[in-house]
Amino acid sequence: MVQSSVLGFPRMGKLRDLKKATEAYWGGKISRDELLAEGKRLRLEHWKIQQDAGVDVIPSNDFAFYDQVLDHHQLFGTIPERYSKYNLHALDEYFAMGRGLQKPEEGIDVPALEMVKWFDSNYHYVKPTLQDNQQYKLAAEPKPVTEFLEAKAAGIVTRPVILGPVSFLTLAKADRGQSVEPISQLDQLLPLYVELLSKLKAAGVEDVQIDEPVLVFDLAEKNKAAFKPAYEKLGSLGANAPRITLATYFGDIVHNIDVLANLQSLHSIHIDLVRNPEQLDTVVAALGPNQVLSAGVVDGRNIWKTNFKAAIEKVENAIQKLGKERVIVATSSSLLHVPHTLASEKTLDAEVRDWFSFAVEKASEVAVIAKAVTEGPAAVREQLEANAKSVQARASSARTNDPAVKARQAAVTADMHNRRSEFTQRLAEQTKTLKLPLFPTTTIGSFPQTKEIRIQRNKFTKGEITPEEYEKFIEAEIREVVKIQEELDLDVFVHGEPERNDMVQYFGERLTGYVFTTHAWVQSYGSRCVRPPIIVGDVSRPAAMTVKESKYAASVSPKPMKGMLTGPITCLRWSFPRDDVHQSVQAQQLALAIRDEVVDLEAAGIQVIQVDEPALREGLPLRTGSERVAYLKWAVDSFKLSTAGVTDGTQIHSHFCYSEFQDFFHAIAALDADVLSIENSKSDAKLLRVFVDEKYPRHIGPGVYDIHSPRIPSEEEIKVRIEEMLQYLTPAQLNINPDCGLKTRGWTETKAALTNMVNAAKFFRAKYAQ
Ligand SMILES: CN1c2c(nc(N)[nH]c2=O)NC[C@@H]1CNc1ccc(C(=O)N[C@@H](CCC(=O)N[C@@H](CCC(=O)N[C@@H](CCC(=O)O)C(=O)O)C(=O)O)C(=O)O)cc1
Ligand SMILES: N[C@@H](CCS)C(=O)O
Ligand SMILES: [Zn+2]
């Protein structure tokens with residue numbers, strides 16, 4: 001019999017129940033026990049959903065209150081002393097690592113650990129952070145064991161998921177000021193895995209899923225060489241350990257296949273056959289005589305209904321080589337990256353709704369495919385027929401195709417990608433008009449999205465207030481944000497983005513070719529979720545999207561007002577993209593729509609325009625080589641196409657909330673943005689060295705404080721950060737801003753943090769004026 005399996009399930013719940021409970025706990029509105037109980041309720045609900053869908057192998061320990069990678073810090077007892085010294089309850093210590101903690105009355109003030117992108121997804125994990133002389137100790141009650149027993153008590157046998165030792169260490173870093181090389185810690189860490197496997201087995205676990213997604217990277221030699229000894233050691237318990245499924249996803253593992261050959265400790269290997277179907281033959285050939293292939297044929301990263309015929313062909317292909325007992329039908333990755341259920345979508349157009357499948361539906365899909373290949377197509381004839389009909393309907397639908405968009409794309413010329421003059425000439429123009437001081441201060445765009453803003457928007461969406469009332473409300477918000485920026489004495493103002501639910505969803509809702517949902521939330525980090533709009537057809541801009549608000553803000557502001565747009569690559573990557581046309585085509589359509597908006601903003605008198613591209617790096621193919629080169633070409637071209645329609649005097653900003661530019665610096669430089677704002681506050685200022693080494697000529701604002709945490713940075717620490725930056729950037733080049741937008745923050749902390757930031761900038765302005 002061919003089994004079905006899910007690699008991980010979204011944990012927020014049908015109505016973002018986990019987000020609501022977690023935030024209520026942080027706000028002191030519910031107790032710790034109530035939060036723990038809500039977590040337990042959700043876990044059980046999600047196991048039952050999968051059981052009812054007919055999934056054979058159901059994951060456990062895929063649940064996390066903040067982040068599944070952060071869970072491992074507690075599992076291995078690697079909590080940095082700056083958190084453990086406060087002797088907090090384990091749950092509070094965990095949240096302190098995730099989001100920082102500041103309780104002056106109790107003498108507690110600790111920033112969060114660094115958070116970065118999970119591979120090429122829009123999910124963020126907390127980076128494991130190790131010390132020199134790091135000690136390791138397995139938790140007395142390991143979470144994977146506890147959650148397995150919890151499911152077992154409910155009559156559900158699960159397969160616990162843990163992050164593998166090589167991935168944990170490869171994704172880890174040395175703490176600030178420390179020099180430990182994480183992979184050198186393998187020998188100290190492995191005994192904890194062995195102990196954990198032994199405890200899992202004692203608890204009754206038959207199968208464990210160990211995720212080693214770093215196998216899709218081009219690994220450093222040392223990290224690659226770590227696999228064999230690691231998995232030989234994990235095999236040392238023989239029958240006293242659960243069977244191991246080693247899971248990889250988001251790429252192919254062909255280039256690393258040698259490290260998995262002859263690893264007796266592995267019962268099965270999971271591969272992503274949605275992304276890289278061509279790896280099947282190589283991986284099958286490398287399997288030992290009894291090893292099993294877990295075939296990831298249901299997409300864990302996108303919302304399109306699985307094409308059953310194509311998926312069954314892939315699985316049959318594997319079965320032909322291995323036999324039915326040695327193949328499992330699985331999701332390509334965890335379903336963490338897709339929304340909970342399509343059943344909640346009551347307002348979606350029926351035609352397109354039929355094309356989609358979310359987590360609950362995908363759980364059913366793996367079960368149907370497994371049944372089809374086990375018992376033959378007749379056993380699921382109805383489902384196969386309905387599926388073929390949906391697939392056919394989408395392929396032939398008129399709404400995916402817009403000849404006017406195609407004609408416009410055909411008319412794009414090389415010239416349209418370039419600004420009229422070089423930077424020096426543009427700078428001269430911009431200096432004349434903008435008259436900015438040295439170390440100009442600005443923010444990244446959004447100001448706090450207060451409860452009141454969300455309530456008014458909700459009322460407007462439901463028709464409970466008129467468009468005019470909503471517009472008046474937004475104008476009042478803009479006036480307030482302008483007034484606060486005046487009080488703070490910032491230099492380049494923003495309108496605060498109060499009218500936007502999200503920087504991508506907002507644009508998706510205004511562009512043709514998109515559809516959007518009402519409940520399709522996906523976790524982005526911690527308790528924060530996004531509702532990615534869905535690109536179903538050719539994209540175009542029927543009308544201006546942001547001009548009204550920017551123009552209004554400029555009319556009530558004495559300072560330069562920065563227009564604020566989301567770039568084509570970020571619009572593409574933070575949406576659910578089409579899978580029937582190449583992403584470069586979708587990006588170019590978005591670029592043309594944004595180009596029109598940039599030109600309209602300029603015509604409306606906006607002299608500074610920021611086009612955010614935080615997803616540019618996340619889209620970088622995970623392996624180096626030709627695929628990366630090709631991606632960077634079309635990604636950079638899309639940005640340039642979207643911004644190059646303006647005159648020299650208009651200052652183009654772009655923003656990226658990450659600091660790792662080293663491996664694609666030339667692409668960032670090629671964007672030719674006049675000012676770049678980047679995240680930097682939690683990474684080493686040394687990362688800025690690349691700007692010096694490459695003689696980067698334009699202006700840069702490396703973030704001077706972390707906006708993911710409610711913690712208020714002191715003026716002094718911001719000055720230290722700026723001083724560090726000045727080791728790499730010239731005073732004329734350096735702009736002062738936070739790491740990213742302030743929408744998730746409260747007003748009190750925002751004002752306090754920006755006051756400190758502006759004061760720090762003024763200090764350096766005075767110093768360098770002498
Ligand atoms: C900058 N980042 C972004 C990423 N991806 C995006 N798509 N957008 C981003 O901004 N990736 C990287 C980073 C970090 N990520 C995030 C992600 C999410 C948030 C965030 O604040 N999310 C909000 C939800 C935002 C939203 O769409 N809100 C809507 C709906 C609000 C709502 O919940 N309404 C209630 C009713 C109103 C009420 O009573 O409150 C409801 O529907 O029940 C809106 O504002 O209209 C979140 O809260 O998770 C930040 C950074
Ligand atoms: N302009 C956006 C960028 C976030 S990446 C904001 O400020 O929220
Ligand atoms: Zn950002």
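# Exercises on a predicted model

Leucine 511 is buried, with a relative accessible area of 7%. The structure in these exercises is a predicted model, and each task below is followed by a worked solution.

## Exercise 1: the setting of leucine 511

Determine where leucine 511 lies between the elements of the chain, and which residues it touches beyond its sequence neighbours.

Step 1. Locating the residue along the chain, we find leucine 511 in the loop that runs between α20 (505–508) and β16 (512–515).

Step 2. The relative accessible area of leucine 511 is 7%, and because buried means under 20%, this residue counts as buried.

Step 3. Setting aside residues up to four places away in sequence, leucine 511 touches Val539, Ser540, Arg541, Pro542, Met545, Leu590 and Ala593.

Step 4. One of these contacts can be followed through the backbone: serine 540 is 29 residues apart from leucine 511 along the chain, yet the C-alpha atoms of the two are separated by 5.8 Å.

## Exercise 2: the surroundings of ligand 2

Work out how many residues surround ligand 2, and which polar atoms of glycine 445, glutamate 497 and aspartate 612 face it.

Step 1. Ligand 2 is surrounded by 13 residues, of which the closest are Ile444, Ser446, Glu497, Asp612 and Gly741.

Step 2. Sorted by class, this shell holds 6 nonpolar, 4 polar and 3 charged residues.

Step 3. Two side chains approach nitrogen atoms of the ligand: a polar side-chain atom of glutamate 497 lies 2.8 Å from a nitrogen atom of ligand 2, and an N or O atom in the side chain of aspartate 612 is 2.7 Å from a nitrogen atom of ligand 2.

Step 4. Glycine 445 contributes through its backbone, where an N or O atom lies 3.4 Å from an oxygen atom of ligand 2. On its own, ligand 2 has 280 Å² of accessible area, and the protein covers 98% of it.

## Exercise 3: serine 446

Decide whether serine 446, one of the closest residues to ligand 2, is buried or exposed, and name its contacts.

Step 1. Serine 446 belongs to the loop between α17 (423–434) and α18.

Step 2. Its relative accessible area is 4%, and since buried means under 20%, serine 446 is buried.

Step 3. Apart from neighbours within four places in sequence, serine 446 is in contact with Gly496, Glu497, Gly741, Leu742 and Lys743. With lysine 743 there is also a polar approach, as the side chain of serine 446 reaches the backbone nitrogen of that residue at 3.2 Å.

## Exercise 4: the surroundings of ligand 1

Find which elements supply at least two residues of the shell around ligand 1, and how the shell divides by class.

Step 1. There are 23 residues around ligand 1, and the closest are Lys19, Arg454, Arg457, Asp502 and Lys743.

Step 2. At least two residues of the shell come from each of α18 (451–461), β17 (522–525) and β18 (528–530), and α18 gives the largest share, 4 residues.

Step 3. By class, the shell consists of 6 nonpolar, 8 polar and 9 charged residues.

Step 4. Oxygen atoms of ligand 1 lie 2.7 Å from an N or O atom in the side chain of arginine 16, 2.6 Å from one in the side chain of arginine 454, and 2.8 Å from a backbone N or O atom of cysteine 529. The protein covers 86% of the 1,000 Å² of accessible area that ligand 1 has on its own.

## Exercise 5: an open sheet

Establish the strand order of the open sheet of 6 strands, and describe which way the residues of β24 point.

Step 1. The order is β15-β20-β21-β22-β23-β24, with parallel pairing. At the edges are β15 (493–494) and β24 (699–702), each of which pairs on one side only.

Step 2. Within the sheet, β20 (residues 561–566) pairs with β21 (residues 608–612) in the parallel sense over 5 bridges, and glycine 563 stands opposite isoleucine 609 in β21.

Step 3. Towards the β24 edge, β23 (residues 675–678) and β24 are parallel and pair over 4 bridges, with valine 675 opposite histidine 699.

Step 4. In a regular strand, side chains alternate between the two faces of the sheet. In β24, His699 and Gly701 point one way while Ile700 and Pro702 point the other way, and all are buried.

Terms used. Residues numbered from 1 in each chain as written. Chains lettered and ligands numbered in written order. Predicted model: local features only at pLDDT ≥ 70, side-chain atom pairs only at ≥ 80, totals over all residues. Heavy atoms only, no water. Near = heavy atom within 4 Å. Polar contact = N/O pair within 3.5 Å; in protein donor to acceptor, adjacent residues only side chain to side chain. Areas by Shrake-Rupley, 256 points an atom, 1.4 Å probe, with all protein chains shown as cover. Nonpolar A, V, L, I, M, F, W, Y, C, P; charged D, E, K, R; others polar. Pairing = 2+ DSSP bridges. Buried < 20%, exposed > 50% of the residue type's maximum accessible area, 1.4 Å probe, protein only. Contact = heavy atoms within 4.5 Å.
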